[in-house]
Every structure is written in structure tokens, then in C-alpha cells.
Amino acid sequence: IAKKLNIDTRGGFKPAQTKPAPPKPAKSKPSPAPAPILSVIFDVEAGAEYEIVKRDGPAHGQYLTSSSDKRNNGSYWVHTQPCNITDEGQRWQILNTNVGGKMGFKIKALCGENKGRMLVAHSNTRSNGDCRVLVHNTPHRETDETWLIQDAEMGGVSGFVIIKSQDRHEGKSLVARVERGGDDIWVDVTEDRDAEMIWNITPIPIVEIDEAFPHITKTPEGELTVTLSGRPEAYGMMTNEEDQYPQTGWVKFPDDRKYKFWYYPEEPAIYWDKPRGQTANIWKGERG
């Protein structure tokens, strides 16, 4: 009986001999999200106008747009939205800059109600650490306006990352992942390495008015001749520079009257009498 109960007959119960439990394998820490593969710094084309389109995440295929909600008298919020050729807020200029000896870029809204305002990130940090992006009157504070743009690849998606390069929110990347309403997405900067942050930046093809309309000729001075079948030749003039948007001018038709026009080279189309969205008298051109 003593053997069955493992009793020490000289001094009470004897503890059973047990093998020590094998050590538990150490929990491996999750691997950090892969950082973007950065290579070549963005090469600005002189005089180019750009569209900036999201390549991944919930805003995939949407356009960076400056015509958003008003923040105050000096600034408006920025969002992405599906392509809308009538929304002039989707046109941007990218400028080389050197602030405090550091090379970078400024991203400027070219058209619409926020024409000339710069893309910035200087509003208050939200609870998740992100900061909402806006377009702001310039000159304001140059370090708020400076960005780094580099080639990148994440998860098989290639394009560019746009990173705040100085001062407030330095090192945070441009993203679009919070719903604004409808199909639109707010644009923020974040330090979240899991965030989708790839953008496509491409020049907007510009078609000159005499290329889009074979029956229109234009001189280097901007003089126009319009030749229509069965009608007398009409003459006119461009009234602003080719690098301004939209291009404007007038044409006088001898058998009718004098018309003002607005030419939008990215469509390409001429809007007669009033700007786009305010007239049904439109000539549609050819891209060649």
C-alpha cells in the first residue's frame, strides 16, 4: 500500500517526482510593415500641369482635388474624388524649391476658386496622429509648403510617395482613407506605415487650339482665323498667355456677331460666350 500511495514510511507523504514542463516558445513580434522602396526623386517638367491620382487604398483611381470645403478665409480642405473634367481643382503645378538649404517641392493649385494656393499640412493633429491637408494662401510659412516626392513601390503597387519634408508633420506621408461623403475621401498626412500611400503624378496633355480644330489657324502673336464651309472667314485674337488656364479670346463672325470664348485644352473644347458650365454653345475638338 505504501508503494501505491508513494508514502515515505519514515516520514509521511513523499512528493511525486514530475518532469519539468518544456519551456513555451517565445512569442515572435509581428514584423513591421514594409517601408516604401524609395529611389529616384521626382523630375519636374518645366511648364507642365499635373493630375495627381491615388494608386491604392479606398481612394484608388481618385484625383487629388483642391475644391473642397472652406476652412477659413485663407484656406480650404483637400479631398480626392472620381475624375470630373469640369472640376478645375484637379489641376496642379509642381515647383522645385530650396528652403533652408533643403531641396524639395511645392504643390500648387492651378485653377478654380483656390487658384494659386499651396498644398500644406499644418492643422491640428487628430486622435490617430494624422493631420488633415489643405490648400493655403501663399506666401505663408515656407516650411509648411515643402514636400518630398520620390518613386516608390509598396505591395506590388508602384508610383510616388509624397512626404512632408520640413517643420510640422515632417516625415508623414500623404494618404486618402477617411470618407468625406459620397465617393469622396479626405486627404491627410500620416506616420502609419501600414497605410496605402502610393500616388500617380502625370502631366496633363495639352492640345493647342489650332491642333484641336483644323479649321482654326493661330499665329505666334495669337491672331486667329476661323474657316468654316459656306461661311465667310472669321477673325479673332487670344487674350491671355498660353500657359494661363483656361485660355480666353474672341472671334468675330462677319455673318453673325462677335463672340468671347474660353478654351480648355485638356478636353479639348471651346465654350462660347461664357465659361465651362455656364453655356451650351460648345465646340468639341480633336486630340490628334
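# A walk from T279 to the cores

Start by selecting T279: at a relative accessible area of 19%, this threonine counts as buried, because the cut-off for buried is under 20%. Keep in mind as you click around that this is a predicted model. T279 is in the loop between β23 and β24.

Show the side chain of T279 and look for two polar contacts. One goes to the backbone oxygen of W272, at 3.1 Å. In the other, a polar atom of the T279 side chain lies 3.0 Å from the backbone nitrogen of N281. Now bring up the neighbours: leaving out residues up to four places away in sequence, T279 touches Y271, W272 and K274.

**Next stop: the sheet**

W272 is a good place to step into the strands, since you can select β23 as residues 269–272. Strand β23 runs antiparallel to β22, and four bridges join the two. Where do you find the partner of Y264? Opposite it stands A269 in β23. Follow the chain between these strands and you pass through a hairpin of four residues.

Now select 258–264, which is β22. Colour β22 by accessibility and you'll see a mostly covered strand, with five of its seven residues buried. On its other pairing, β22 meets β21 (residues 247–252), again in the antiparallel sense, over six bridges. Two pairs to pick out here are T248, which stands opposite W262, and K252, whose bridge partner is K258. The β21–β22 hairpin has five residues between its strands.

Zoom out to take in the whole sheet. Seven strands make up this open sheet, in the order β18-β19-β20-β21-β22-β23-β24, with antiparallel pairing. Which strands stand at the edges? Those are β18 (216–218) and β24 (282–284), and each has a single partner strand, so one side of each has no neighbour in the sheet. Turn the view to look across the strands: from one to the next, the twist averages 25°.

**Into the nonpolar cores**

Hide the cartoon and go for the largest nonpolar core, a set of 30 residues. Select F42, I149, I162 and I201, the members that touch the most others in this core. Strands that each supply at least two of its residues include β3, β8 (92–99), β9 (102–109), β13 (147–154) and β14 (157–164). Further along the chain, β15 (173–181), β16 (184–190) and β17 (199–203) do so too.

Centre on I201 and display what surrounds it. Setting aside neighbours within four places in sequence, I201 is in contact with F42, Y50, E51, I52, I94, I149, F160 and I162. There is also a second, separate core of 17 residues, with V207, A212, I216 and Y263 among them.

**A loop stop at A48**

Select A48, in the loop between β2 (12–13) and β3 (50–54). Is A48 buried or exposed? It is buried, with a relative accessible area of 13%. Add W92, Q93 and P203 to the selection: A48 touches these three, not counting residues up to four places away in sequence. Draw a distance from A48 to Q93 and the C-alpha atoms come out 6.8 Å apart, although 45 residues separate them along the chain.

**Last stop: two cysteines**

Finish with C111 and C131. C111 is buried, at a relative accessible area of 2%, and C131 is buried as well, at 0%. If you're hunting for disulfides in this model, the count is zero.

Methods:
Residues numbered from 1 in each chain as written. Predicted model: local features only at pLDDT ≥ 70, side-chain atom pairs only at ≥ 80, totals over all residues. Heavy atoms only, no water. Buried < 20%, exposed > 50% of the residue type's maximum accessible area, 1.4 Å probe, protein only. Contact = heavy atoms within 4.5 Å. Pairing = 2+ DSSP bridges. Axes fitted to C-alpha atoms, helices over the stretch in contact; angles between N-to-C directions. Core = buried A, V, L, I, M, F, W, Y, C linked by side-chain atoms within 4.5 Å. Disulfide = S-S within 2.5 Å. Polar contact = N/O pair within 3.5 Å; in protein donor to acceptor, adjacent residues only side chain to side chain.
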